[in-house]
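This briefing goes through selected features of one protein model, grouped by topic. Please look at the sequence and the structure first.

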Amino acid sequence: MFRMSKQCFNELCQSIITSVGEDGFKSENYIDEMVQRRVPIYLAHKESCGGFISGEVKLALTLRMMAGGSYLDLAVIFHCCPSHVTAIFHKVLEEWICTPSNPDLCIPNEEYFMNEELMRETSIGFANGRSNGIFGGVIGALDGWLVKIAKLSVTSGVRNIGGYFSRKGFYAINCQVIVDHEKRILWRSIKSRGAEHDSTAFKSTNLYSVLMQQRERLVRNGFYIIGDSAYGIATFLLTTFDNAKPYSPEDAYNFYHSSSRIIVECCFGEIDARWGIFWKPLEFDLDKNIVVSIDAAMRLHNFIVNFRERENEPVDVLQAELDSFDDETLAFMRGETVSVEDSLLVGVINDDDQQHMNEVGRPSREEVDIREGGRHIRERISVRLEMEQMTRPDHMGTRKRYKTNMFGRIRMTN
């Protein structure tokens, strides 16, 4: 019901108490103690309206609303006024969850990319994971997450409402997110419109400027981020090869690259599956409540990941990840192909299928050098794959059924 175990919930309560204090949280034990001491304000509340609402109830109410619960149903369950339910929800998110004073609920953001020890730890995790040691310098997987929002009204103050209409056919916020090998969110930006291309959205963030400034240090340490083909390649951001021939070194690179990068899509799938508030368009205020709700979901996700890692909480990781993939992604992982007709039936275009957006103007010499440096690093990894004779795994004999035309496009044969 509350999308976390009882032990995890209790630890979250203790973390918030440490951050805001006993008087700010008002746990059930604290309220009972104040009543026994006959503190006037607590006695007055108990006689007039039944007493204070405890912090545990407020947090449980908030988590249930994040999980998709209706404020009308929660008002009945927790014996609160419906309008007070929404007030509690927004207050808990703003003052308890999305607060910089609680280190257990903070996301590192740009500070992470200044800490070589943390980046080294993450790169080891990626190297020991899905890439079989090939991508040993990965310090994060980058992707965009479109969060559905209701169509904005003319009174919202937004001049270009159509800018929020995404290519997937709904109004959205484009969230740029970087995660580690454990699906822990390391950085996020929740400010781009749904119609913005992932590359444009990422380049408009503060992190992009930081990476540009720190690119030489990252290259010396062998660190880089991995992202899909929607992004432009750079020395600090490696993308996949376009039009790689089957079972070529470039195709092997794409396979191991995607096997590592797909962890960020697993993260989005877990957040979507856990917090039902994202199952329908968000209808809150754009400037404040929508951003806060998205940020709170990410912070709570990190708290659960940390708890799961610390307590070795059992979880069916494989099934949880597979449930978050669409049919096209699963087919790609099996080494199969998806026809144009099948992709139209799905009705969703993946970021990997999105062509690079033509940038206005000629790129600067600095940008050209950064792109060439990224291509050199990518080529070096593909050569290493060829030397070690590592290719895309052959599943169910599909390798024998691959054929390509003169343009290198894959087709299946009987």
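The count of disulfides in this predicted model comes to 0. Cys266 takes part in no disulfide, and its nearest cysteine sulfur, that of Cys267, lies 8.8 Å away. The points below start with these cysteines and go on to salt bridges, strands, one buried threonine and two backbone angles.

**Cysteines**

- A disulfide is a covalent bond between the sulfur atoms of two cysteines.
- Why is the sulfur of Cys267 not bonded to the one in Cys266? The two sulfurs are 8.8 Å apart, which is too far for a bond, because a disulfide needs the sulfur atoms within 2.5 Å.
- Cys266 is buried, with a relative accessible area of 2%.
- Cys267 is also buried, and its relative accessible area is 0%.

**Salt bridges**

- The model has 21 salt bridges by the rule applied here.
- Side chains of opposite charge can pair when their charged atoms come close.
- Glu33 and Arg37 form a salt bridge through their side chains, with an N to O distance of 2.6 Å. Glu33 is partly exposed at 32% relative accessibility, whereas Arg37 is exposed at 56%.
- Lys183 and Glu270 form another salt bridge, at 2.9 Å from N to O. This pair links distant parts of the chain, 87 residues apart: Lys183 sits in the loop between strand 2 (172–179) and strand 3 (185–193), and Glu270 sits in helix 11.
- Are Lys183 and Glu270 buried or exposed? Lys183 has a relative accessible area of 8% and is buried; Glu270 is buried at 12% relative accessibility.
- Glu309 and Arg184 meet in a salt bridge of 2.7 Å, N to O. This pair also links distant parts of the chain, with Glu309 in helix 12 (residues 286–311) and Arg184 in the loop between strand 2 and strand 3, 125 residues apart.
- In that pair, Glu309 is partly exposed, with a relative accessible area of 42%, while Arg184 is buried, with 15%.
- Which residues are joined into one network by salt bridges that share partners? They are Asp143, Asp228, Arg261 and Glu265.

**Strand 4 and its partners**

- Strand 4 (residues 224–227) is covered on both faces. Tyr224 and Ile226 are buried on one side, and Ile225 and Gly227 are buried on the other.
- Strand 1 (residues 138–148) runs parallel to strand 4, and 3 bridges join the two.
- Ala141 has Ile226 of strand 4 as its bridge partner.
- Strand 5 also runs parallel to strand 4, joined to it by 2 bridges.
- Where strand 4 meets strand 5, Ile225 stands opposite Leu237.

**Thr239**

- Thr239 is placed in the loop between strand 5 (237–238) and helix 11 (249–274).
- Thr239 counts as buried because its relative accessibility is 3%, and the cut-off for buried is under 20%.
- Which residues does Thr239 touch, not counting those up to four places away in sequence? The contacts are Gly227, Asp228, Tyr231, Gly232, Ile233, Tyr253, His257 and Arg378.
- Two of these contacts appear above: Gly227 is one of the buried residues of strand 4, and Asp228 belongs to the salt-bridge network with Asp143, Arg261 and Glu265.

**Positive phi outside glycine**

- Asn109 is not a glycine, yet it has a positive phi of about 60 degrees.
- Asn109 lies in the loop between helix 7 (82–97) and helix 8 (116–127). Asn109 is buried, with a relative accessible area of 15%.
- Asn243 is another residue other than glycine with a positive phi, here near 55 degrees.
- Asn243 is found in the loop between strand 5 and helix 11, and Thr239 is placed in that loop too.
- Is Asn243 buried or exposed? Asn243 is exposed, with a relative accessible area of 53%.

Terms used. Residues numbered from 1 in each chain as written. Predicted model: local features only at pLDDT ≥ 70, side-chain atom pairs only at ≥ 80, totals over all residues. Heavy atoms only, no water. Helix = DSSP H or I, 4+ residues; strand = E, 2+ residues; numbered from the N terminus. Buried < 20%, exposed > 50% of the residue type's maximum accessible area, 1.4 Å probe, protein only. Contact = heavy atoms within 4.5 Å. Salt bridge = Lys/Arg side-chain N within 4 Å of Asp/Glu carboxyl O. Pairing = 2+ DSSP bridges.
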